[in-house]
Each structure stands twice: as structure tokens, then as C-alpha cells.
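Q: Please take a close look at one pocket, then follow the helix packing from there. What lines it, and which contacts come next?

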Amino acid sequence: MAKILVVTSGKGGVGKTTTSAAIGTGLALRGHKTVIVDFDVGLRNLDLIMGCERRVVYDFVNVINGDATLTQALIKDKRLENLYVLAASQTRDKDALTKEGVGKVMEELRENFEYIVCDSPAGIEKGAHLAMYFADEAVIVTNPEVSSVRDSDRMLGLLASKSQRAETGADPIKEHLLLTRYNPARVTKGEMLGVGDVEEILAIRLLGVIPESQAVLKASNQGIPVILDEESDAGQAYSDAVDRLLGKEVPHRFLDVQKKGFLQRLFGGRE
Amino acid sequence: MNIFDFFRERKKQSSAAVAKERLQIIVAHERGQRSQPDYLPALQQELVEVIRKYVNIDNDQVQVILENQGNCSILELNVTLPER
């Protein structure tokens, strides 16, 4: 049975698209046929992060309006066999997405894919609402910072009351916390909320902690999902998170300050 | 505890601890509001309009609070009348 996974946060700029790209790619790497859907109508960006921006012909709204079939609009990833992207439309029409239209596309995707990853726009408006409405599971992307944590809590409230599962009285959406841009050194100094603090406030299951990493910008510069950078801390942390999403028990890494080795201290090393 | 201890105490609290404390308070407050029924703001507005027919009051002088105690709910109405 196909699973719809929404990546959401409420607040903007916390790493939703980076996470959608990483998790979707990670699922495909593990052999699951996956599609990542960009719900940010008007501000399409997933295509850039996935490196397929020049291959967008038809988008999500074209499919809803019947201007293109799903097969025409799905962009096949060049690196992975079973990974696809459905780009958001660049239209400025706020009502381009409708519940009926999105529902129909989701049904069709369910028949063809194992995982449907919905990249939610920021905010709690229509796009964000429709991105989470049909979801079975939700990844709440949060930065260890007050406004992001508050917005995440707000989003949890909406997931519990305004989703299809809530409205039909089905089992609630399974919620996962993903803490991104985590800086262990600052946490140690008492300058940043720790994992435990955020877990305590939001009270949902921790999926993973992604350290603040230079690899993320490097990956987005090149249009390569950061999870494919297997050498990087962020890539490895995302990889662990995908394993946990699939039910594997993996110990959390990158929670403590990485001690520099003797030679690294002597020569500076890569920061 | 003398005045110097007081300042030392305050300095000890890291900014992360302050953030956590503030978040716990605001999140608890907002969760409380979330469980309130949708009609409360409208009810409050209509009550203000009714009372205004007789006494001149501001919007924030009527408070409507719904409290849940076990299996019964108490609707608390607080109207502050202006000084005569």
C-alpha cells in the first residue's frame, strides 16, 4: 500500500525542500519507487534542488487542469531508476490547487508508487493545507530556534484537526520530528536549544537530527540531493533518518561536538 | 541571598534555557486555545454588541472563557463595566 508522506514545518527556510529531496532520494536508493511532489505553487524550487529544472515541461497544475497526463508531467531522475519528481506550477493563481484536483492526482500516484513525498510550502495557507491533507505520515522539520518550534507546534495542531485522517476519524497522521541545522557546539555553550529540549516541548517521536553543514549548500549549488553526498555529516544523518522512517533502529549521530584529532588541530583541517 | 547572588543566579541561565522556558509557556497557552470551540470569538463579539446597546464598553472588556472540568464545561463571562 502506497504511503503519502508530507514534509512540513509552518516556518519557511528551515529545510523542507532539502529534506524532501533527501528523504525521497533515500527511499528510492533503498529500492522503493518514489515520487517527490512540489506543492509550493508560484515558488517552484524542488526542481532546482533535485537538479532537474531544465527538464520541467508540465507541472502539477497542468495535470490537475487536464492539460497534461501524469505520465507526461512526471520527471524521471537521471541518477536513480525509481525516483520521480512532479514540479510545482509557476502560476500566480492562488486557487490553482483544489482539494478535488489534488485528491485525484494523489489517488493516481498511489497506484503507481510506494512512497509519495509531498514538499509543503511554508505557512498555513491553502498550499500547505493541501500538502498535508492526504498524508499518512508527516515529517515536521524544525530548527532549534523559538519561532520554528512554535510554528511546528502549530502545524502539529493542524495535522491533528484539519487533515483527511482527522476529518474521517481514521488513525491519526504519524508524526516525526526532524531537527535540522543543529549545532552541537552552540548547544554545549547554552546558546542553542538541545534535542532534548525540542523533543520535550513538541512531544513527538524524533526521526533524526541533521547537523548544520556546509554540505547542504554545496549540494543545492550542484542540484544533487545532499543524501547522495555519502561523505558528509548531513548526508549520513539523512540516511539514518530514512532508515528510521522504514522502521530500522539506528542510533543517533552528530549530537555531540566532534573532537578534532591531533593532526586536524595542528593543520586546521576542513571546517 | 544577597543582591550579588541574585545577579549571579540570573547570569547563569543560558539563552537556550530562556528560549525553552518561553516556548513552554507560549506553546502551552496556544494548545489551550486550540482545544477551544471555534464559536468563542463570534460569541464574544455578539455579546459585546448586545451589552453595547445599554452600556458603552470596549471589545476587550468582555472576556469569554470556556473551562473543562471533568465531564462538564463552564462558560465564564467576565464583563468589566466602565466607571461612572
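A: A note on classes first. Ala, Val, Leu, Ile, Met, Phe, Trp, Tyr, Cys and Pro count as nonpolar; Asp, Glu, Lys and Arg count as charged; the others, Gly among them, count as polar. The model is predicted.

Start with the second largest pocket. Its volume is about 550 Å³. The lining holds 26 residues, and G13(A), V14(A), G15(A), K16(A) and T18(A) lie nearest the centre. By class, that lining has ten nonpolar, ten polar and six charged residues.

Several elements of chain A each give at least two lining residues: helix 1 (16–29), helix 2 (46–50), strand 7 (174–182), strand 8 (205–211) and helix 11 (214–222). Helix 1 of chain A gives the most, with three.

Now follow helix 1 of chain A outward. Its axis and that of helix 12 (residues 233–245) of chain A come within 9 Å and cross at roughly 60°. The crossing is right-handed. On helix 1 of chain A, the contact uses T18(A), T19(A), A22(A), I23(A), G26(A) and L27(A); on helix 12 of chain A, Y238(A), V242(A) and L245(A). The contact of these two helices has six nonpolar, three polar and no charged residues. T18(A) thus appears twice: nearest the pocket centre and in the contact with helix 12 of chain A.

Next, helix 7 of chain A. Within its own chain, helix 7 packs with helix 10 (residues 195–202) of chain A at about 35°, with the axes 10 Å apart. This crossing is right-handed. V149(A), S152(A), D153(A) and L156(A) meet V198(A), I201(A) and L202(A) of helix 10. By class, that contact has five nonpolar, one polar and one charged residues.

Helix 7 (residues 146–161) of chain A also packs with helix 2 (residues 15–34) of chain B, at about 25° with axes 10 Å apart. Angles under 35 degrees count as roughly parallel, so helix 7 of chain A is roughly parallel to helix 2 of chain B. Here too the crossing is right-handed. From chain A come V146(A), V149(A), R150(A), D153(A), R154(A) and G157(A). From chain B come A19(B), L23(B), I26(B), V27(B), E30(B), R31(B) and R34(B). By class, this contact has six nonpolar, one polar and six charged residues.

Two residues of helix 7 of chain A serve both contacts: V149(A) and D153(A) meet helix 10 of chain A and also helix 2 of chain B.

Terms used
Residues numbered from 1 in each chain as written. Chains lettered and ligands numbered in written order. Predicted model: local features only at pLDDT ≥ 70, side-chain atom pairs only at ≥ 80, totals over all residues. Heavy atoms only, no water. Axes fitted to C-alpha atoms, helices over the stretch in contact; angles between N-to-C directions. Helix = DSSP H or I, 4+ residues; strand = E, 2+ residues; numbered from the N terminus. Parallel < 35°, antiparallel > 145°, perpendicular 65-115°, else oblique. Left-handed = near helix turned anticlockwise from the far one by under 90°. Contact = heavy atoms within 4.5 Å. 1 Å grid on protein atoms, 1.4 Å probe; cavity = no way out; pocket = protein on both sides within 12 Å on 5 of 7 lines; lining within 4 Å. Points joined across faces, edges and corners; volume = space filled by probe spheres on them.
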